[in-house]
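Please work through the exercises below with the structure in view, and try each task before you read its solution.

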Amino acid sequence: MLGYLSHLETGQTNQPLYLFPMCPHFHHPPPGNPLASTSCPSVCLLPPPLSEMKEKNPWHTPVTIILTVIGVIAIVTLVTVAVLQNKPIQQKYKYGIVLDAGSSHTAVYIYEWPAEKDNNTGRVQQKYSCKVKGKGISSYADEPQKAGESLRECMFEAKKQVPKNRHGETPLYLGATAGMRLLNLDDSSASNKVFQAVEEALQRFPFSFQGARILSGQEEGAFGWVTINYLSDRLKQGLETTGALDLGGASTQISFVSDSYNGLESPKNSVNFRLYGNDYHVYTHSFLCYGKDQALGLALAHQTKSGPRTITDPCFHPGYTQTKNYSILYDSPCVSERKPQEAPLSFTLSGSGNFTKCHEVIKSVFDFTSCNYSRCSFNGVFQPTPQGSFGAFSAYYFVMKFLNLTDTSTSIEVVREKLMEYCATPWTKIVKQHPKVDQKYLSEYCFSGTYILTLLIEGYNFTSETYSKIEFIKKIKGSDAGWTLGYMLNLTNMIPAEAPDSPLLPHAGYVSIVTIIAILLFALFILSLRPVWPTCSKQPQIV
Ligand SMILES: Nc1nc2c(ncn2[C@@H]2O[C@H](COP(=O)(O)OP(=O)(O)OP(=O)(O)O)[C@@H](O)[C@H]2O)c(=O)[nH]1
Ligand SMILES: [Ca+2]
């Protein structure tokens, strides 16, 4: 049959040359090839006559047909098994819940990750977050029961978010930060009662409650660093890491990797991690009382040393006035020792909106005089020079976003000028411009912006060059930047110390190769069964 179809054009005669032409005992040219009988090689192994071939076509024998069917079924089965076996199961997730009990408020975060990838690479992401109504748990020192109750609404929501069949195996953690650190310093029995109340409340939910505790400042800084580097895939890929800047209400953290720091100069500022096969020596420090609310308290305390009835505060807009209670201001352990004797009950603050003077007031809350190390940030705390890129989140983001100052390619001088202009804007105009913004937040942006700039430049020693490497962020790939994710990853051992073995091929490549090899093997097998085809010896043609 092949012989009938194969022909070449001869260069000289332009006559078709039939490689398998009909031999004399073929009386008829093959169908469609009228010239086929005109040439015939001298030696030719002939296929049987057509009439016989029809009867004895080797492809039509029952054995070949059965083998072909079995072969096709085998290939389909092989490919199906390969696809199913290696296909990531997309629908099944596991969950973890972390409560961030901050000084200003509590937030509930639910994380999810594919069930079969427990111990694998960066696939944990935030599924849901809920901001607990009211203040942070530390503000319930006088009525601890209410601290527990405050969490119920968000926890009921969490119950709905996690599939019922996963409730029992879902770990639930509560981590408290600077607000509870301060309460614990001030009144440890009140802090214990608050913990007792929140534990009781959380145990009523069907999750696997793993306890409530105060994070150390080191943990808070280090886990914030883990979170942002995990979310940006830098850990998994072994890339240069990003530093983390967290500005809370009561404390602030700075964490980064520096070439000039191996942990020896100030071991208490060192946290070591081995993640995905790489060692990291992270410098970290948490400044208690330097979160933006407590820093405002420090600034106000600085201005009310003598117990005045009125102060003119340059960090508030002209025309802004507020009456503040001395006992509330000096209630915090950050300033309690400085409470002026014989102070009146309250004082009136009236804004003057002067950035330069505000900057001076804020600088006075930092101590730049003592340093027993090679270099310090402030208050005698060791800190290497900031190095590499940084992600600045929580209040850094809220404030800079509001002030339209998140573009760090803007020079520090321009940032100062903009703040100068903003602080000098009359309060009435500010309120008119932002009618929907909560006035508690609105009144403090001048102070907060000036505080952030002072903390970064004078406090942490960022320069014009390194300032431009800061990115003000809220989320990374849909997950909030903060310590909670890093905390959970650590407690659930979800980041392996060593790099996981990655498959040689991606899933699609693997399936394609299996399919191609199976088809090739099958083709070879079938070819090995073929009957002996006619073959012609190369003899001169008899024309
Ligand atoms: N402008 C603005 N400020 C906010 C917002 N949410 C929180 N803040 C303020 O930003 C500051 C920091 O908030 P968080 O990062 O939640 O602080 P926290 O975790 O409660 O405090 P720490 O325990 O010190 O970490 C606080 O002064 C909050 O009042 C917001 O949506 N907008
Ligand atoms: Ca916080």
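The exercises that follow move from the whole chain to its core, its ligand shell and two annotated residues.

The model is predicted, and local features need pLDDT of at least 70, side-chain atom pairs count only at pLDDT 80 or more, while totals for chains, interfaces and linings use all residues. Residues are numbered from 1 along each chain as its sequence is written, and chains are lettered from A and ligands numbered from 1 in the order in which they are written.

**Exercise 1. Describe the chain as a whole: its helices and strands, its domains and its buried share.**

Begin with the secondary structure: the chain has 18 helices and 20 strands, where helices (H or I, at least four residues) and strands (E, at least two) are DSSP runs numbered from the N terminus. Next, take the domains, whose bounds come from an automatic or database domain assignment: domain 1 covers 2–85 + 534–542, domain 2 covers 91–214, and domain 3 covers 292–370 + 407–469. The centres of domain 2 and domain 3, taken over C-alpha atoms, are separated by 32 Å. Finally, of the 543 residues in the chain, 36% are buried; a residue is buried if 20 or more other C-beta atoms lie within 10 Å of its own, exposed if 12 or fewer, and partly exposed in between, with C-beta atoms placed from the backbone.

**Exercise 2. Find the largest nonpolar core and explain where it lies.**

A nonpolar core is a set of buried Ala, Val, Leu, Ile, Met, Phe, Trp, Tyr and Cys residues joined through C-beta atoms within 7 Å. The largest one here has 115 residues, and those with the most contacts inside it are Val198, Ala299, Ala392, Tyr396 and Ile452. Helix H15 (residues 439–459) gives the largest share of this core, eight residues. Because domain 2 and domain 3 both give residues to this core, it lies between them. To look at one member, take Ala392: leaving aside neighbours within four places in sequence, its contacts (C-beta atoms, placed from the backbone, within 7 Å) are Leu245, Tyr397, Ile470, Glu471, Phe472 and Ile473.

**Exercise 3. Work out which residues surround ligand 1 and where they come from.**

Count a residue as near a molecule if its C-beta atom, placed from the backbone, lies within 6 Å of it. Of the 20 residues around ligand 1, Gly102, Ser104, Thr177, Gly248 and Ser394 come nearest. Helix H6 (178–186), helix H9 (292–303) and helix H12 (395–402) each supply at least two residues of this shell, and the largest share, three residues, comes from H12. At the level of domains, domain 2 and domain 3 each supply at least three residues.

**Exercise 4. Decide whether Gly249 and Gln253 are buried or exposed, and list what each touches.**

Both residues are among those that UniProt lists, in an unreviewed entry, for "binding site"; such annotations may be inferred rather than shown by experiment. Gly249 is found in the loop between strand S9 (243–247) and strand S10 (251–257), and it counts as buried because it has 22 C-beta neighbours inside 10 Å. Not counting residues up to four places away in sequence, Gly249 touches Gly102, Ser103, Ser104, Gly291, Lys292 and Asp293. Gln253 is found in strand S10, and with 28 other C-beta atoms within 10 Å, Gln253 is buried. With the exclusion of residues up to four places away in sequence, Gln253 touches Gly217, Glu220, Gly221, Gly224, Asp246, Thr284 and Ser286.

Definitions and conventions:
Contact = placed C-beta atoms within 7 Å.
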